[in-house]
Structure formats: structure tokens, C-alpha cells
Amino acid sequence: MPGEQSLITDNPLDRERTHLAESRSALRAMRADVEALDIRDVTANWVNAEVLQSEIDARIKALADLAHTPLFFGRLDYGDGAEAGHRFYIGRRHVHDADGDPMVVDWRAPVSQPFYRASRTDPQDVALRRRFGYTGGELTAYEDEHLTDPDEAQTSSKLLQQEIERPRVGPMRDIVATIQPEQDEIVRAGVGGTVCVQGAPGTGKTAVGLHRVAYLLYAHRERLARTGTLVVGPNASFLHYIEQVLPALGELSVKQATVGDLVAHVPVKGADTAAAAGVKGDARMAEVLRRAVRSGIRMPTEPVVVVRGSRRWRVPAYELEELVRELMERDIRYGAAREALPQRIAHAVLVRMEAAGEAPDDRVQDAVARNAAVKAAVKEAWPPVDPAKTVLRLLSDPEFLAACAEGVLTEEEQKEILWQKPARSVAAAKWSAADAVLVDEAHDLVHRTASLGHVVLDEAQDLSPMQYRAVGRRCSTGSATVLGDLAQGTTPWATATWEEALAHLGKPGSRIEELTQGFRVPLEVIAYASRLLPEIAPGLKEATSVRENPGAFSVTEVPAGELTPAVLAACRQALDREGSIGLIAADARVPALAEALTAAGLPYLSPGQETTPDARLTLVPASLAKGLEYDYVVLDEPAAVVDGEPDERTGLRRLYVSLTRAVSGLAVLHTAPLPEALRLP
């Protein structure tokens, strides 16, 4: 019967344990075979040897057998179709025996797809689907679904529920054993198109994005090996939290970065007001920068005279102007146009040489292009541009900004972004994060940014239009997976619609999927947090939870002056349970809570530090809570979280994020009145 777990003494379980042991032995043999490779006589030179050795080292690393990570988590027995009579064990990587026959099939292989998508209404030729339960890497249970048996009642999978609710200690883990049909459809979407996923808290959108990368690398490895893949996250803490997911799936080559890392042309030392950052992040700044970069172009007024031997070749000013205007109208990158102009002038000279009976070749054209007179004319008409210096001038010189922003920015907006104290140099400037994005835009206007094959952009709802453009440049000829939740947008420029975001990314009309089934957040917790949705994101559907366990949930009002002791008591109570604990508080409250935790002898971690069985409590500023998850969350003073933001809507969105970090339980403690939507009767 489905949902019925076999006892540890059952013969079928013993047979499955034997297969697991044999599979692990086969994996060790596969690794030993690679380690034994001798490449001394198969490479032409030391460069080839280094490249081949690095590939071998990567293969050895990918074949590591992780003791506490199940080698396989499911089994498919096919009853019909091309695979009728075949049995496949589904796992994180492919394992074969000495004869090359598969013992474990990679979860990304086409034959594995029915494990995630088959159902009683659409069994996809599968007679039996078996799920396995593990404890500390030891196979302890199994559970069967006979998809073609009309007499078998349909129930939910207990093993699936147990895996979803398993305590979280350490970094984020993969969800390869629990991917749901709607998630699998996104994971296996083709590499050619961009997919945007609107996901409520706990719907697994981050995991879906990471598993999509792993799938694409499996299905299009050669293509993406050439062009590269990148995961872009909101901050270093978040990237540290997710960094083990792809290696656990055997993928070691994917790079990770924040948007700040991508645009690090200048050191960020300063900060903007919310109003200034909003203007600098507006898509209109792209036109202002385009004008600024091209502001130095001048129409030639003098002819170019090239002397070669005893002959003088003259290109008149009007013809030079035609060449310059033609390049301007083509609107190609400034640097590419500057490189093309001397060749165009040289071509005009060669036309005159040929008309005079000479037979110049390409070498003559290159020599003419390098002629001092030609170089001087190019410098005068199309001068070199330094992107950082251009942005520096734009933000320091009111007249230059006014000329470039005419008809684009209002006078008030121009005043908002002008530096009060103009910097003397690029090195001395106190660049803000928004300024760095402007410099990146200017860089791309001068020299095209290299494109990757695929980019995953997580927590995208917080990006400004100019930040979307910066990420979009990194996948201009590739595709992207955009992940986010409009209800969790906590910047003044937070995304209003995904259609708008995709347009700024350079991927208009891309597919948008919405995930509303929650797997992480308990039913009572998500229902409580969803009370805020009408105020923070009226157009979004309320999330539901597939969790059968309602979770531990409490809201406690504490007398004035007793909040901190009550929070410490709640942390101690949470530490009595298994799993990780997150104490989330308004940023302004963190120093006082840190001091209180230390005085009480409660060790705590900071976001980004890995939890261990001995250190399970993390003190989390509300501004860094996004994307993180803990088994139990203690939320300190919700009103302070709201008040810590520049406006109420942003504050309520920050609170929504904080409320939805819990996996098993949430304790809310407050002294100040709660937002009206959260007040219990």
C-alpha cells in the first residue's frame, strides 16, 4: 500500500541495501579507474598535459562518494513502453558496473523524468515508483506506489514529507529527491529560452533554479562548457548558504557572484540616499550615459593628408564627416567604432591610390591606418573614453549632467544625483553601489560585455532597472532563469511586474511561471504571514502549504522592559529541539541582542557562518534574512522591523520575509502593537 513503510527486517529492504553497497563499490571503482590514468605519453606538450590533468582532477572530485548523501533515492519499474521490464535506480549521478551497465541513473536523464512527473492519471509506462528513506546515509525504509493498480488508494508520501521536514543544519541542501511535477517542468525547460519564476516563500524557487543549472549542464554540457554559467545572488551570506548544492549534484564549474561583484570596476566606499539611488537605478540613466560617452565626438573640419614616399593623399573634411556620421548612425559600441574609423579613412586613401594606378594591398591599408595624420584625426573626431572618468564627470559637473540629461531627467532629479563634494579623481571618489552600476553601463557602451551561456538570477525582485541591465549584459546571447517574489521586494525601486523586469533584462516576452505550493513553511505560519499580502502585493495569489505538520506557532505580547529576557527564553526553548534556530530582529536591535546573548552564555553565529550540531543559533538582522531558512525562528519585535525601513510598504515586506524563514516553528514576541493585519482576535 502507498505510504506503508517496510520494516528494516524485510527481505526487499535487504536487497536494496545490497544494491546500495554494490553501487558504492562500483562508484569507487569508477574513481579508481580515473585516478589510474597515465597521460604522460598522450599529450603533445605541457600545456595540453595541464589542461587534461585539470579535467581528470575535476572528474575525480565529481566521483567522490559522500558518506551521508544517498547514492540513490528512488526506483522506477517500467511495465509498458520501450523500457518495459526494466528497472532503474534514480540518484544524483550515474554509476555503472564493470560491464558498463547502469546501476544508478542520473536524475537528469530522460528515463528518470517519470520519477517526478508520473501519476495515476498519467503513469508514463511506470508500474511501480519506489522512494527510499535514509538516516545518516543508511537506507532504513522504502515506500511503493503501484501507479497502474486501480485498487490501490492514493495517499501522500510519508517519506516525502519526512524529507521535506528533515531538520536543517549546515548549508542549503539539494531537493533532488523531492522535486514536484510543477518544479520539474521548470527544471527541464530548454536552454534556449529564459524562464522567470514567481515563487512564494518556501516554494523551492532557489532550489529549482540551482537544479535547472545542473540539468542544463547535463543536457548541454559542451555548449555551456564553452560559454559558462553563473549564479547571481543578493549577498555573500546567501551565496555561502547555497554554495554546496551544485557540488552535491556533481557540478563544480558554476561560478557565483553578487551584482556588486559583477560591476566592481570601482571600489564602493559611499552610500546614496534612497531618492538618489532610485534615480541612478532608473532605466533612463542608460540614455544619459549614452549621451555622456558620445559627448566628445566632433565633426572633422580639416582634411587628412597622408604622405607615402613622394606622394601625398588627401581625404577632404566633408568625406571624413560622412564616415563619422555613418558610424554614429550605426550605433555600434563606442570603442568598436573608434577602432573602425582609422580603417575607414585608410580605405578612402586606398581608393585614391587605386584610381592613380597603384595596387595597394591589406598591409598598405593597415600601414595607412597607423599613420600619424590618421591617428591624429581619429583622436580629434572620436577621442578615447574612460568609463569611470565619464561617470565621475557626469556626477560632479552640473553643466555636463544638464547637457546629457536634457529631456530625460528633471532638474530636481539631476540635483539629487549630483555629488555635493566633487571628487578630484576616480581613486578618491566615494563611489556608491548605484554608481558602480553606472560605470558598468558606461563600460558596456565603450566595449561589449562578454556574454555567458546561462545566468541564474535569484532574489531578482530587489534589483533596479539598471541592475537588471547589468545582469542582462552577462547573458545577452544566452538565456537566464529569473527567480523572485514580488511580495518580498524591499528596495525603494523593487520590481513592480516581472514583464517590466524581463524587458530591462533584455528578455521581453519570456515565459513566467508561478509557484504557490509551499514545501518549507508550515501551514499556520504561511497563513499568518499571508495576511500581509493584500497590503504588500495585492495581485499575488496566497501561498498554500503541502505540509501536513502545522508547525509550532505562537505570538506572544511581552510587558515593556521584558522583551529581551523573553527572547532569550524563547531561544533556549528552541535549542531544546533538533535543528537550526534563527533569531531575526530589526537591524537596530541586533547589537543589544548580541550583547544579551553573550551575557546569557548563548553562543551564536552570524549569517553566512555554517551551523553545526554544536552551534545552531544564528542572530540575523532582518535586512539579511531573505533567502535563508531555519528550523525554528524567533522573531523579535515586528514593529521595529517595519519601522526600520523608509516607508510602511517596504517595512511590511521586510516583515513578511522575516515571518517566512521558519521550517518547523515560529515564535513572535512583541511589546509594541503588531501591524493591524497580524493582530490575532
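**Strand pairing and a charged surface patch**

In this predicted model, Glu535 lies in helix α24, which spans residues 533–536. With a relative accessibility of 44%, Glu535 is classed as partly exposed, because that category covers values between the 20% limit for buried residues and the 50% limit for exposed ones. Together with Asp647, Glu648 and Glu676, Glu535 forms a negative patch on the surface.

An open sheet is built from 6 strands, arranged in the order β3-β4-β2-β1-β5-β6 with mixed pairing. The edges are occupied by β3 (95–96) and β6 (138–146), each of which has a single partner strand, so that one side of each remains without a neighbour in the sheet. Within this arrangement, strand β1 (residues 72–78) pairs with strand β5 (residues 126–135) in the antiparallel sense, over 5 bridges, and Arg75 has Arg130 of β5 as its bridge partner.

Strand β7 (residues 195–199) is largely enclosed by the rest of the structure, because 5 of its 5 residues are buried. In a regular strand the side chains alternate between the two faces of the sheet. Both faces of β7 are covered, with Val195, Val197 and Gly199 buried on one side and Cys196 and Gln198 buried on the other. Strand β7 pairs in the parallel sense with strand β13 (residues 479–484) over 4 bridges, and here Val197 stands opposite Leu483 of β13. A parallel pairing also joins β7 to strand β14 (residues 511–515), over 5 bridges, with Gln198 placed opposite Glu514 of β14.

Notes: Residues are numbered from 1 along each chain as its sequence is written. This is a predicted model: local features need pLDDT of at least 70, side-chain atom pairs count only at pLDDT 80 or more; totals for chains, interfaces and linings use all residues. Side-chain values use heavy atoms; hydrogens and water are left out. Patches are made of residues with over 30% relative accessible area and no salt bridge: like charges are joined within 9 Å, nonpolar side chains (Val, Leu, Ile, Met, Phe, Trp, Tyr) within 5 Å. Accessible areas come from the Shrake-Rupley method with a 1.4 Å probe; for residues, only the protein chains shown count as cover. A salt bridge is a side-chain nitrogen of Lys or Arg within 4 Å of a carboxyl oxygen of Asp or Glu. Lys and Arg count as positive and Asp and Glu as negative; His and the chain ends are not counted. The place of a charge is taken as NZ of Lys, CZ of Arg, CG of Asp or CD of Glu. Helices (H or I, at least four residues) and strands (E, at least two) are DSSP runs, numbered from the N terminus. Buried means under 20% relative accessible area, exposed over 50%, partly exposed in between (1.4 Å probe, protein chains only). Two strands pair if DSSP finds at least two bridges between them.
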